[in-house]
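Student: I should like to take a close look at a single part of this protein. Could you please guide me through one residue and its surroundings, and then place it within the whole?

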Amino acid sequence: MDRMIYTALNALGVNRDSQVAQAQNLANQTVPGYRRDLPNEGGVRFLEMMEGLTTRAFQVETGPAGFSQETGRLSRTDEELDVAIADQGFFYVMPDSGDPALSRRGDLRRDTDGKLRNGAGDAMLGPDLAPIQVPAYRNIRITDIGEIYIQPLDDPEGEPVLAGVLATVVPPAEVALTKGADGQIRTVEGPLPPPDQRAEVLQGTLESSNVNPVEELLSTMQMQRNFELGMRMVLTARELDEGGARMMQAPEG
């Protein structure tokens, strides 16, 4: 009975972790460029006891949980500071934590200090991984390789001025990415890959999250059923254990 209860409780713990990921996805379904969290599939291992294997098996995580890199829906907004990456790739951002990260979020704005930030307040970075400073302008144009050209306020008749470049990268296939505790995308090991400007940037377009709320809700319902089955298994194991204990009792004289 002990093994049965242990297995059931481990399954309930895995189910709980999956529910946390699904709740996170549903909470961020309207965030531009959000990447859907995936449950950590993990693997199965056996407990070791007295230099041997017991028959107790439990699921363990086999590395950091992943996220879906499927492209979200691209919507034309015609807003000059809305940008999106057409296919694969990421922007570089500097969150408040101070460590550079990768992002698909493209709802940009010019802050009061002239820094270019996304909707989460993260500073957008240039190829030198420094925050991009954009002077006051009459109009702004962002090219498909991320170049930012502006018409300065004090020079309405002149040629457009290059104010900065949105650093982008298409990470190599061998570079493993994960989300940290702050929700930012970084590499599993080592520094971020250097900018390569190979991603295609679209101005006046915004990418939605790649969360499918219908799929998430259906999956949540299935996990709730699994939780109920796990609890029934625990209760059944208890009943069997109590029944076995009663059978082992000595008869009254």
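Tutor: What follows is a description of one aspartate, D82, then of a surface patch, and finally of the whole chain.

The model is a predicted one. D82 is located in a loop, with strand β3 (74-76) before this loop and strand β4 (83-85) after it. Is D82 buried or exposed? D82 is buried, and this acidic residue nevertheless has no salt bridge. The nearest side chain of opposite charge belongs to R105, at 9.1 Å. A salt bridge requires the two charged groups to be within 4 Å, so R105 does not supply one.

What D82 does have is a polar contact with T77, in which the two side chains are joined at 2.8 Å. T77 also appears among the residues that D82 touches, once residues up to four places away in sequence are set aside. The others are G106, D107 and L108, together with the run L202, Q203, G204, T205 and L206.

For a contrast, consider V214, which lies in helix α2 (residues 213-248). V214 counts as exposed because its relative accessibility is 53%, and the cut-off for exposed is over 50%. With L218 and M221, V214 forms a nonpolar surface patch whose accessible area is about 290 Å² together.

Turning to the whole, the protein contains 2 helices and 17 strands. Of its 253 residues, 38% are buried. Among contacts with a separation of 6 or more, 61% link residues 24 or more positions apart. The accessible surface is about 14800 Å², and carbon and sulfur atoms account for 53% of that area.

Methods. Residues are numbered from 1 along each chain as its sequence is written. This is a predicted model: local features need pLDDT of at least 70, side-chain atom pairs count only at pLDDT 80 or more; totals for chains, interfaces and linings use all residues. Side-chain values use heavy atoms; hydrogens and water are left out. Helices (H or I, at least four residues) and strands (E, at least two) are DSSP runs, numbered from the N terminus. Buried means under 20% relative accessible area, exposed over 50%, partly exposed in between (1.4 Å probe, protein chains only). Lys and Arg count as positive and Asp and Glu as negative; His and the chain ends are not counted. A polar contact is a pair of N or O atoms within 3.5 Å; within protein, one must be able to donate a hydrogen and the other to accept it, and residues adjacent in sequence count only if both atoms are side-chain atoms. Contact means heavy atoms within 4.5 Å. Patches are made of residues with over 30% relative accessible area and no salt bridge: like charges are joined within 9 Å, nonpolar side chains (Val, Leu, Ile, Met, Phe, Trp, Tyr) within 5 Å. Accessible areas come from the Shrake-Rupley method with a 1.4 Å probe; for residues, only the protein chains shown count as cover.
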